[in-house]
Number of protein chains: 2
Amino acid sequence: MISGEIIKGSLKTIVLKLLKEEGPMHGYAITRKVEELSGGNIKLTYGALYPVLHKLESEGVLVTTSENFNNRTRIYYTLTPKGDKVVIEKIREMTEFIESLQSIINPKPGLSHA
Amino acid sequence: MISGEIIKGSLKTIVLKLLKEEGPMHGYAITRKVEELSGGNIKLTYGALYPVLHKLESEGVLVTTSENFNNRTRIYYTLTPKGDKVVIEKIREMTEFIESLQSIINPKPGLSHA
DNA sequence: TTGCAATATATAAGAAGCTTATATATAAAA
DNA sequence: TTTTATATATAAGCTTCTTATATATTGCAA
């Protein structure tokens, strides 16, 4: 299991990317899918997820639609056109960040002091 | 340039890994090296770096030695044996996290809904 | 010789992001 | 009947980082 501190900052990007790939999802399904895709390594907490979803909604990146399923309310989150653009930018940023991290944690031998 | 939020949680790991690769460094040199290795993408702020260095020192992960260079004090940070172990664990964790992120942001086609 | 950029360390105030604890409610399985 | 899974949500608090500020030396350019 990955310790809490390292996940900071990537939650928004993860959620947006999932909605782009999978289409509209409700909160509970998002946590399950992230757990599945990460092989159990990343476990989202609801205390982190719902505030993020509400914030993204207030920013116009997501819209919600309610649905009743087995007497349980499901709130589906769907990307807006603005959201589609935001995802692309967030993914670009994360990819760049990962590349930078890899330059540091997995430096090419022979460049600095080999 | 990478926005602030995404870097959260990885600063400690970056610093420790640098000290492992480069040997003892002072704070200013750490910021320069990170900028260089990341191609200018990651810029550490001193307000973030020094508190982290001090905390790692108080945890016994680093020790400091002062040196005078051109009438400027340089405080070199060196990994302790405990630090060597912590780096290995941190890098393992970060690698695992990056792999999980990539499963999400770069999903294999043909597995879920292709 | 004055001023600016680079070098070098450091702290305080505050914002942002997350964890933990808590609350509510239904359905299915044990 | 009690636990597990499903489903959403908020509050309190911690950690991490940003921004602003402070101090001081060296070297270069104007």
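Q: In this predicted model, is A:K33 buried or exposed?
A: The relative accessible area of A:K33 is 13%. A residue under 20% is classed as buried, so this value places A:K33 in the class called buried.

Q: Which residue meets A:K33 in a salt bridge with an N to O distance of 3.9 Å?
A: A salt bridge needs a side-chain nitrogen of Lys or Arg within 4 Å of a carboxyl oxygen of Asp or Glu. The side chain of A:K33 meets such a partner at 3.9 Å, N to O. A:K33 lies in helix α3 of chain A and the partner in helix α2 of chain A, so the pair ties together parts that are 11 residues apart in sequence. The partner is A:E22.

Q: How is A:E22 classed by its relative accessibility?
A: The relative accessibility of A:E22 is 30%. The class between 20% and 50% is partly exposed. A:E22 therefore counts as partly exposed.

Q: Which residue is linked with A:E22 and A:K33 in a network of salt bridges?
A: The network holds A:E22 and A:K33, whose side chains meet at 3.9 Å, N to O. The other residue linked into this network is A:E36.

Q: At what angle do the axes of helix α2 and helix α3 of chain A cross?
A: Helix α2 of chain A covers residues 11-22 and helix α3 of chain A covers residues 27-37. Their axes come within 11 Å. Angles of 65 to 115 degrees count as roughly perpendicular, and α2(A) and α3(A) are therefore roughly perpendicular to each other. The crossing angle is roughly 95°.

Q: How many nonpolar residues does the contact of α2(A) with α3(A) have?
A: On the α2(A) side the contact involves A:I14, A:V15, A:L18, A:L19 and A:E22, and on the α3(A) side A:I30, A:K33, A:V34 and A:L37. By class, there are no polar and 2 charged residues in this contact. The number of nonpolar residues is 7.

Q: In chain B, which residue forms a salt bridge with B:K33 at 3.9 Å?
A: B:K33 is in helix α3 (residues 27-37) of chain B, and its partner is in helix α2 (residues 11-22) of chain B, 11 residues apart. At 12% relative accessibility B:K33 counts as buried. The partner is partly exposed, with a relative accessible area of 30%. That partner is B:E22.

Q: Which residue pairs with B:E89 in a salt bridge?
A: The closest N and O atoms of this pair are 2.9 Å apart. Both residues lie in helix α5 (residues 81-105) of chain B, 3 residues apart, about one turn of the helix. B:E89 is partly exposed, with a relative accessible area of 38%, and its partner also counts as partly exposed at 38%. The partner is B:R92.

Q: How many salt bridges does the structure hold over all chains?
A: Among the salt bridges are A:E22 with A:K33, B:E22 with B:K33 and B:E89 with B:R92. Over all chains the total is 12.

Q: What is the order of the strands in the open sheet of chain A?
A: The sheet has 3 strands with antiparallel pairing. Its edge strands are β1 (25-26) and β2 (62-69) of chain A, each pairing on one side only. Two pairings make up the picture: β1(A) is joined to β3(A) by 2 bridges, and β2(A) is joined to β3(A) by 8 bridges. The order is β1-β3-β2.

Q: Which residue of β3(A) is the bridge partner of A:V63?
A: Strand β3 of chain A covers residues 72-79 and runs antiparallel to β2(A). In this pairing A:L62 stands opposite A:L79. The bridge partner of A:V63 is A:T78.

Q: At about what angle to β2(A) does helix α4 of chain A run?
A: Helix α4 covers residues 46-58 of chain A. This helix lies across β2 and β3 of chain A. Relative to β2(A), the angle is about 125°.

Q: Which residue in the hairpin of β2(A) and β3(A) takes a positive phi near 55°?
A: The hairpin has 2 residues between the strands. The residue asked for is not a glycine, and it counts as exposed at 60% relative accessibility. Its place is in the loop between β2 and β3 of chain A. The residue is A:N70.

Conventions
Residues are numbered from 1 along each chain as its sequence is written. Chains are lettered from A and ligands numbered from 1 in the order in which they are written. This is a predicted model: local features need pLDDT of at least 70, side-chain atom pairs count only at pLDDT 80 or more; totals for chains, interfaces and linings use all residues. Side-chain values use heavy atoms; hydrogens and water are left out. Axes are lines fitted to C-alpha atoms, for helices over the stretch in contact, and angles run from 0 to 180 degrees between N-to-C directions. Helices (H or I, at least four residues) and strands (E, at least two) are DSSP runs, numbered from the N terminus. Angles under 35 degrees count as roughly parallel, over 145 as roughly antiparallel, 65 to 115 as roughly perpendicular and the rest as oblique. Contact means heavy atoms within 4.5 Å. Ala, Val, Leu, Ile, Met, Phe, Trp, Tyr, Cys and Pro count as nonpolar, Asp, Glu, Lys and Arg as charged, and the others, Gly among them, as polar. Two strands pair if DSSP finds at least two bridges between them. Buried means under 20% relative accessible area, exposed over 50%, partly exposed in between (1.4 Å probe, protein chains only).
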